[in-house]
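Here are some short exercises to work through with the model open beside you. Try each task yourself before reading its solution.

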Amino acid sequence: MRIGVYIPQVGFGWSELRERVVACDRLGIDSVWFMDHFYPPGMPAVPSFEAWTTATALAAVTERIRIGHLVLANGFRHPALLAKMATTLDHASGGRLDLGIGSGSYAAEFPQFGLPFPPDAVRAEQLDEALQVLRLLFTEAAPSFAGRHYTLDAAPSLPRPLQQPHPPIHVGGAGERRTLPLVARHADAWNCPTYALGAFPQKLDALRRECHRINRDPATIRVTEEAVLALAGRQDQVDAARALAERRFAGPGWGFACSGYCGTPDDVIARLHIRAGLGVQDVVFFLHDRADPATLALLAREVAPAVRDL
């Protein structure tokens, strides 16, 4: 089991954000993940940095940690451009890119910035085609594609990504009608978002059924989840960590009350064993204190090594 940290690039100065990501790299955290919004949903007055530029700049100051987004909004970038961006960053990072993508989730920001936000069914169609375009441009020298939303006409696509056949493609979401079938058809990894953690077994069963329907081995899809973690070094510090997590990650959308992680390292390790038994292979944590370096050190020193062999 690999442990990642989600550090939304909001409300930080650049040096503070850089410090946290570099700390993750040096401590041995497996991966770091960023959001893809023009501003944090529901908080337009909070400053934030653009997702792809953030990942690129931080890849340049780290050495071993994997870098990705949970998840890029397909409607923000044409998939042909995204394929070129991903290939470039894959080379620049020494093969450390994970490519997370979804159909876009926060409707308000699209019209605010002059971008279309079609109905769910159309955005699912667009994501389906985008995933096909990405894979073609990653694996073929001059692919053609004729879709309803995107086309390629012998599009030159060199160099190939450094990772072969391409950076792992993560698709996030839990919709059984549209999203999970896309995961089954196209993804290397499925990320179960916080709002669906309580229904994780049901969602994983639905994904496996869809894989069997299209004759794909479900074991070829890595199963990951994102979750809020309130981590404390001592038992007498747990209540304060929990209270901070409840303030920062309030509401059912964050899943903290029903399916979050809370406690000392031993408590968190025990819960990770339970989640592994349900089928979780990697976890990406939102930390209660927004990745304070001391908490990162505790996570890297006492939790991550204890679950690496799960």
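Before the tasks, one term: helices (H or I, at least four residues) and strands (E, at least two) are DSSP runs, numbered from the N terminus. Keep in mind that this is a predicted model.

**Exercise 1. Place Tyr39 and describe its surroundings.**

Step 1: find the spot. Tyr39 sits in the loop between strand 2 and helix 2 (51-59).

Step 2: is Tyr39 buried or exposed? Its relative accessibility is 9%. The cut-off for buried is under 20%, so Tyr39 counts as buried.

Step 3: list the partners. Skipping residues up to four places away in sequence, Tyr39 touches Pro44, Ser48, Tyr106, Ala108, Glu109, Gln112 and Phe113.

Step 4: look at the side chains. Those of Tyr39 and Gln112 make a polar contact at 2.4 Å.

Step 5: compare chain and space. Tyr39 and Phe49 are 10 residues apart in sequence, and their C-alpha atoms are 8.1 Å apart.

**Exercise 2. Follow Arg20 from its helix to the residues it contacts.**

Step 1: Arg20 belongs to helix 1 (residues 14-27).

Step 2: check the accessibility. Arg20 has a value of 8%, so this charged residue counts as buried.

Step 3: collect the contacts. With neighbours within four places in sequence left aside, Arg20 is in contact with Ile7, Phe12, Arg290, Ala291, Asp292, Pro293 and Leu296.

Step 4: which backbone oxygen does the Arg20 side chain reach? That of Ala291, at 3.2 Å.

**Exercise 3. Turn to Arg290 and Ala291, and work out what stands out in their backbone.**

Step 1: locate the pair. Arg290 is in the loop between strand 12 and helix 11 (293-307), and Ala291 lies in the loop between strand 12 and helix 11 too.

Step 2: read the phi angles. Arg290 has a phi near 60°, while that of Ala291 is near 65°.

Step 3: set this against the usual pattern. Most residues other than glycine have a negative phi. Arg290 has a positive value without being glycine, and so does Ala291.

Step 4: check how open each residue is. Arg290 counts as partly exposed because its relative accessibility is 25%. Ala291, at 2%, is buried.

**Exercise 4. Find two cis peptide bonds and say where they sit.**

Step 1: recall the background. Most peptide bonds are trans.

Step 2: go to Leu70 and Val71. The bond from Leu70 to Val71 is cis, with omega near -15°. Val71 is in the loop between strand 3 (66-69) and strand 4 (72-73).

Step 3: go to Leu158 and Pro159. They are joined by a cis peptide bond with an omega of about 5°. Pro159 is found in the loop between strand 7 (151-152) and strand 8 (169-172).

**Exercise 5. Decide what the cysteines are doing about disulfides.**

Step 1: how many disulfides does a search of the whole structure find? Zero.

Step 2: test Cys24. Cys24 is in no disulfide, and the nearest cysteine sulfur, in Cys262, is 20 Å away. Cys24 is also buried, with a relative accessible area of 0%.

Step 3: test Cys211. The closest cysteine sulfur, in Cys192, is 15 Å from the sulfur of Cys211, which is too far for a bond because a disulfide needs the two sulfurs within 2.5 Å. Cys211 counts as buried at 1% relative accessibility.

**Exercise 6. Describe Leu131 and its contacts.**

Step 1: Leu131 is part of helix 5 (residues 120-139).

Step 2: its relative accessibility is 1%, so Leu131 counts as buried.

Step 3: leaving aside neighbours within four places in sequence, Leu131 contacts Ile101, Ile169, Val171 and His186.

Step 4: His149 is 18 residues from Leu131 along the chain, and 12 Å separates their C-alpha atoms.

**Exercise 7. Sketch the second largest pocket.**

Step 1: the second largest pocket has a volume of about 200 Å³.

Step 2: which residues lie nearest its centre? Of the 19 lining residues, these are Arg2, Trp33, Asp98, His170 and Asp282.

Step 3: sort the lining by class. There are seven nonpolar, five polar and seven charged residues.

Step 4: trace the strands. Strand 1 (2-6), strand 2 (31-34), strand 9 (189-192), strand 10 (222-231) and strand 12 (282-287) each give at least two residues to the lining.

Key
Residues are numbered from 1 along each chain as its sequence is written. This is a predicted model: local features need pLDDT of at least 70, side-chain atom pairs count only at pLDDT 80 or more; totals for chains, interfaces and linings use all residues. Side-chain values use heavy atoms; hydrogens and water are left out. On a 1 Å grid over the protein atoms alone, a cavity is a set of points where a 1.4 Å probe fits but cannot get out, and a pocket is an open set with protein on both sides within 12 Å along at least five of seven lines; lining residues have an atom within 4 Å of a point. Grid points are joined across faces, edges and corners, and a volume is the space filled by probe spheres set on the points. Buried means under 20% relative accessible area, exposed over 50%, partly exposed in between (1.4 Å probe, protein chains only). A polar contact is a pair of N or O atoms within 3.5 Å; within protein, one must be able to donate a hydrogen and the other to accept it, and residues adjacent in sequence count only if both atoms are side-chain atoms. Contact means heavy atoms within 4.5 Å.
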